[in-house]
Amino acid sequence: MLWKKKLRKKMIKITSRNKKTIAKVLVFFFAISSFSSLLIYAFSKNMVYFYTPTQVSKKEAPLNSHIRVGGMVKVNSFIKSKDSLKVYFKIHDLDQEMNVTYEGILPDLFAEGQGVVMSGKLSKDGTFVASEVLAKHDENYMPPEVADMMKEKNGALYKKWLLRLGIYF
């Protein structure tokens, strides 16, 4: 009988005030959880990852998912369709190359041998179907992703590019 008396003293009585507090805490927790879940979902849907042609050839890039691919346009690889705005060309990252198709008007500064970053989807056959093509701004510009890739893959070519710009080290 003694243990029952001790247990009754330790138990919390649930009054209407306690019920209101518990309800407020539960509603607050549910609201924060819901908001966090929606925020995480929205961020995951809007993430666009950048890949190089080497990563694409190693199958690191997802198929039929919106991604960005960047590299240098291969010289003598540009083919324009005669009856539409569709173009075909290859990009490379000094190690691997990949085919790209794009239908639309290319930027004025798009040229072979220059850096590009494209948004689009990778098809099953390894061809990148671009929905947007971003070209360099001027002769001194190279997309940061492409510059980093060149530093990692071939430091000599990156140094040669810097020398061409008049940057001495």
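Start by selecting L122 and F128: in this predicted model, L122 stands opposite F128, a residue of strand β7. Now widen the selection to the two strands around this spot. Strand β6 covers residues 115-122, and its pairing with β7 is antiparallel, with seven bridges.

Keep F128 highlighted and add V100. F128 is the bridge partner of V100 in β7. To see the setting, colour strand β5, residues 97-103, together with β7, residues 128-135: these two run in the parallel sense and pair over three bridges. So far, then, you have met β7 with an antiparallel partner, β6, and a parallel partner, β5.

Next, follow the chain through the turn between β6 and β7. This hairpin has five residues between its strands, and G126 adopts a positive phi near 90° there. Step on to T127, which sits in the loop between β6 and β7. Is T127 buried or exposed? With a relative accessibility of 14%, T127 is buried, because the cut-off for that label is under 20%. Which residues does T127 touch, beyond its neighbours within four places in sequence? Show N99, V100, T101, K121 and L122 as sticks, and you have its contacts. Two of these names are already familiar: V100 from the bridge to F128, and L122 from the position opposite F128.

Time for some rings. The structure contains three aromatic pairs. For one of them, select F78 and F110: their ring centres are 5.8 Å apart and their planes meet at 50°, so this pair is tilted. Where do the two rings come from? F78 belongs to the loop between β2 (66-73) and β3 (79-80), while F110 belongs to the loop between β5 and β6, so the pair ties together parts that lie 32 residues apart in sequence.

Switch on a surface view and compare the two partners. F78 is partly exposed at 31% relative accessibility, whereas F110 is buried at 13%. Then add F89 to the selection: F78, F89 and F110 make up one aromatic cluster.

For the last stop, move to helix α2, residues 16-46, and find F43 there. F43 has a relative accessible area of 53%, which means that this residue counts as exposed, the cut-off being over 50%. Select F35 and L39 along with F43, and you will see the nonpolar surface patch that these residues make, about 330 Å² in area.

Terms used. Residues are numbered from 1 along each chain as its sequence is written. This is a predicted model: local features need pLDDT of at least 70, side-chain atom pairs count only at pLDDT 80 or more; totals for chains, interfaces and linings use all residues. Side-chain values use heavy atoms; hydrogens and water are left out. Patches are made of residues with over 30% relative accessible area and no salt bridge: like charges are joined within 9 Å, nonpolar side chains (Val, Leu, Ile, Met, Phe, Trp, Tyr) within 5 Å. Accessible areas come from the Shrake-Rupley method with a 1.4 Å probe; for residues, only the protein chains shown count as cover. A salt bridge is a side-chain nitrogen of Lys or Arg within 4 Å of a carboxyl oxygen of Asp or Glu. Helices (H or I, at least four residues) and strands (E, at least two) are DSSP runs, numbered from the N terminus. Buried means under 20% relative accessible area, exposed over 50%, partly exposed in between (1.4 Å probe, protein chains only). Two strands pair if DSSP finds at least two bridges between them. Contact means heavy atoms within 4.5 Å. Rings of Phe, Tyr and Trp (its six-membered ring) pair if their centres lie within 6.5 Å; planes under 30 degrees apart count as stacked, over 60 as edge-to-face and the rest as tilted.
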